[in-house]
Amino acid sequence: MSGVKVRDARCMLTCGSPVAVSLTCPGKMSYLFADVQAEHDLDNLLALVRLYVANPGGIINDARPIGRLRHCLKGRLPAPLPVGDETNLWEESDKRARNREGS
């Protein structure tokens, strides 16, 4: 996967679940996963990166392709907005969630 960089981080404050992975990219949502089992989750990690790279805005609505990692998600942060932009990045995701719930 070209353009993907892997970096080591000393501490991501996930002490109770020590192996953590985060995804971040300018203009995309950021994600934090913890309790990752690197040797067992390698295929799921690769699927996660592929989904993230392929989706505009980094929004992953269907996490089934990433296997057990979907249960390791600890947080999702919206991309920083450009100064003066009042767009609600959660709006589309919230609409989809309401539609799934039937409200």
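These are my notebook entries on one predicted model.

**Entry: overall make-up**

I began with the chain as a whole. I find 2 helices and 3 strands in the chain. Along the sequence the pattern reads β-β-α-β-α. I then looked up burial: of the 103 residues in the chain, 25% are buried. For the surface I have an accessible area of about 7,500 Å². Carbon and sulfur atoms hold 54% of that area. I also looked at contact range. Among contacts with a separation of 6 or more, 52% are between residues 24 or more positions apart.

**Entry: the sheet**

Next I traced the sheet. The 3 strands form an open sheet, and the order is S1-S2-S3. The pairing is antiparallel. Which strands stand at the edges? I find S1 (20-23) and S3 (73-77) there. Each has a single partner strand, so one side of each is left without a neighbour in the sheet. From one strand to the next, the twist averages 10 degrees.

I note the background here. Strands of a sheet pair through backbone hydrogen bonds, and the sense is either parallel or antiparallel.

**Entry: strand pairs**

I took the S1 and S2 pair next. S2 covers residues 30-34, and 4 bridges join S1 to S2. The two run antiparallel. For a marker I picked Val-21, whose bridge partner in S2 is Phe-33. Helix H1 (residues 38-54) packs on the sheet. H1 touches S1 and S2. I read an angle of about 15 degrees between the direction of H1 and that of S1.

S1 and S2 form a hairpin, with 6 residues between them. I checked the turn and found Gly-27 with a positive phi of about 80 degrees.

Then I moved to the S2 and S3 pair. S2 and S3 pair in the antiparallel sense, over 4 bridges. As a marker I noted Leu-32, which stands opposite Gly-75 in S3.

**Entry: burial of S2**

I asked how many of the 5 residues of S2 are buried. The count is 4, so S2 is largely enclosed by the rest of the structure.

I followed this up with Thr-14. Thr-14 has its place in the segment before S1. Is Thr-14 buried or exposed? Its relative accessibility is 14%, under the 20% cut-off, so I count Thr-14 as buried. Leaving out residues up to four places away in sequence, Thr-14 touches Ala-20, Leu-32 and Ala-34. Leu-32 is the residue I had already noted opposite Gly-75.

**Entry: positive phi outside glycine**

I looked for positive phi in residues other than glycine. Leu-13 has a positive phi of about 55 degrees although it is not a glycine. Leu-13 lies in the segment before S1. I find Leu-13 exposed, at a relative accessible area of 74%.

Asp-35 is not a glycine, yet it has a positive phi of about 65 degrees. I place Asp-35 in the loop between S2 and H1. Asp-35 is partly exposed, and its relative accessible area is 39%.

**Entry: the largest pocket**

Last, I turned to pockets. The largest pocket has a volume of about 960 Å³. I count 33 residues lining it. Which of them are closest to its centre? They are Lys-5, Val-6, Arg-7, Ser-22 and Leu-23.

I also asked which elements supply the lining. S1 and H1 each supply at least two residues of the lining of the largest pocket. H1 gives the largest share, 8 residues.

I looked up Lys-5 on its own. Lys-5 is found in the segment before S1. Its relative accessible area is 71%, and that is over the 50% cut-off, so Lys-5 counts as exposed. I then checked the spacing between Lys-5 and Leu-23. In sequence, Lys-5 and Leu-23 are 18 residues apart. In space, they are 9.9 Å apart, C-alpha to C-alpha.

Conventions
Residues are numbered from 1 along each chain as its sequence is written. This is a predicted model: local features need pLDDT of at least 70, side-chain atom pairs count only at pLDDT 80 or more; totals for chains, interfaces and linings use all residues. Side-chain values use heavy atoms; hydrogens and water are left out. Buried means under 20% relative accessible area, exposed over 50%, partly exposed in between (1.4 Å probe, protein chains only). Contact means heavy atoms within 4.5 Å. Accessible areas come from the Shrake-Rupley method with a 1.4 Å probe; for residues, only the protein chains shown count as cover. Two strands pair if DSSP finds at least two bridges between them. Axes are lines fitted to C-alpha atoms, for helices over the stretch in contact, and angles run from 0 to 180 degrees between N-to-C directions. On a 1 Å grid over the protein atoms alone, a cavity is a set of points where a 1.4 Å probe fits but cannot get out, and a pocket is an open set with protein on both sides within 12 Å along at least five of seven lines; lining residues have an atom within 4 Å of a point. Grid points are joined across faces, edges and corners, and a volume is the space filled by probe spheres set on the points.
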